[in-house]
Amino acid sequence: MSTLPRQSPQAYPIERIRADFPALRQQIRGKPLVYLDNAASAQKPKQVIDTLAEFYRHDFSNIHRSVHTLGERATARYEASRDTVRRFLNAAAVEEIVFVRGTTEAINLVAQSFGRSRFREGDEIVISAMEHHSNIVPWQMVCRQTGARLKVAPIDEDGALIVEEYQRLLGPRTKLVAIAHMSNALGTLNPAGELIDMAHARGIPVLLDGAQAAPHVKVDVQALDCDFYAFSGHKLYGPTGIGVLYGKRKLLEAMPPWQGGGEMIRTVTFERTEYNDLPYKFEAGTPAIAEAVGLGAAIEYIEGIGWETIAAHEHALIEYATARALEIPGLRIIGTAGEKGAILSFTLERIHPHDIGTFLDHYGIAVRAGHHCAMPVMDFFQVPATARASFGIYNTHEEVDQLMDAIREIIKVFG
Ligand code: PMP
């Protein structure tokens, strides 16, 4: 049995946090829900749910275009949320915060606006071998449109980026680096600051895919000096349909809009259109107003717990889960990088990950089984899929024990 402590190091307010999440208070197949699919999407605290309901009850209206009171209230709350995001990322200005549907849309925006207008035949975009499809396919699309090429920095057997190989790929033709801050399939945390410095030394801008990192580590876009940062609200205990693209003002100003419509214009005639200022230039149409307000509430909620507290709790959980997993014969952990977040991807000998997922559901345990939208990672490790337990602020050491006990049961039944 693992000698690691069965609880988080400091007085972590686990009971209070769990009480904030109504969805956790339910039984699945007669067992208390153990929700370990946070990397796909996190559950929502009542503070977020109540904010959404209360916003719709009292303040809802379309924004920016109405002079009536509700229009003003809704606009003020939407823009206040933008400022909350700015503070959350430590961005220099609200003009650098563009509301989008999520990480996927943010990356597509950069590919179609920045990429399509700048990439030329023979230009190169550097990504890594651990990327989510959202940070591969938009670049392949813009490569097809412009004649640019994708270069892929390799990973090692632990699932860590081979930094020297990454550096060797950076050259005079590299026009952009787009890389995961944290991998969803492996949990690897990339040395973002170092990778950005290497790219900047050659004048290459860097986009960080922060879908996984933003809920777990303190992000400071000015300290990182990244040029673009993308994340999704729904993984951050916030609503679906809302996410953020941070971009340095100079870059965003020089980029053409990628969607045309209402809100992103200043004047329109049939002959020509003058575009709106930042960030509205990139927010065509009626945005996800309530969801943006809900995202603000989610950020305030996790900031209320505190980053160091969250990081210590999640670190203790993954250390404990890893140690306990290693005690199970036939269990292979996929993703063993030195720096990693609270994600445990694994396979079991002779048992397909989908069967693991289905079996665990009978114990009320929600994990994800599949390729995790990272098929090249599965190819690299020569597995069709993995089972993935991903932890969040409300998970406990007891839940890790329940997971491990259930895995031992699966092996007894199927192994
Ligand atoms: N990148 C990474 C690393 C992810 O984990 C995800 C979500 N699984 C995405 C991008 C895409 O995020 P979304 O589906 O919210 O747009």
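How many Å separate the centres of domain 1 and domain 2, taken over C-alpha atoms? Let's start with that view and then move in to the ligand; please keep in mind that this is a predicted model.

**View 1. Two domains of the protein chain.** The centres of domain 1 and domain 2, taken over C-alpha atoms, are 28 Å apart. Domain 1 is assigned to 14–32 + 307–414, while domain 2 spans 49–303. Where the domains touch, 32 residues of domain 1 are in contact with 32 residues of domain 2.

**View 2. The ligand in the largest pocket.** Here you can see the ligand sitting in the largest pocket. Around the ligand are T103, T104, H132, S134, N184, D209, A211, Q212, S232, H234 and K235. Sorted by class, this shell holds 8 polar residues, 2 charged residues and 1 nonpolar residue.

**View 3. Side-chain contacts of S232 and H234 with the ligand.** An N or O atom in the side chain of S232 lies 2.7 Å from an oxygen atom of the ligand. H234 also brings in its side chain, with a polar atom 2.7 Å from a ligand oxygen. As for overall cover, the ligand has 400 Å² of accessible area on its own, and the protein covers 85% of that area.

**View 4. A backbone contact at T103.** For T103, look at the backbone: one of its polar atoms is 3.4 Å from an oxygen atom of the ligand. T103 is also one of the residues that surround the ligand, as are T104 and H132.

Note on methods:
Residues are numbered from 1 along each chain as its sequence is written. This is a predicted model: local features need pLDDT of at least 70, side-chain atom pairs count only at pLDDT 80 or more; totals for chains, interfaces and linings use all residues. Side-chain values use heavy atoms; hydrogens and water are left out. A residue is near a molecule or strand if one of its heavy atoms lies within 4 Å of it. A polar contact is a pair of N or O atoms within 3.5 Å; within protein, one must be able to donate a hydrogen and the other to accept it, and residues adjacent in sequence count only if both atoms are side-chain atoms. Accessible areas come from the Shrake-Rupley method with a 1.4 Å probe; for residues, only the protein chains shown count as cover. On a 1 Å grid over the protein atoms alone, a cavity is a set of points where a 1.4 Å probe fits but cannot get out, and a pocket is an open set with protein on both sides within 12 Å along at least five of seven lines; lining residues have an atom within 4 Å of a point. A molecule sits in a cavity or pocket if more than half of its atoms lie within 2 Å of its grid points. Ala, Val, Leu, Ile, Met, Phe, Trp, Tyr, Cys and Pro count as nonpolar, Asp, Glu, Lys and Arg as charged, and the others, Gly among them, as polar. Domain bounds come from an automatic or database domain assignment. Contact means heavy atoms within 4.5 Å.
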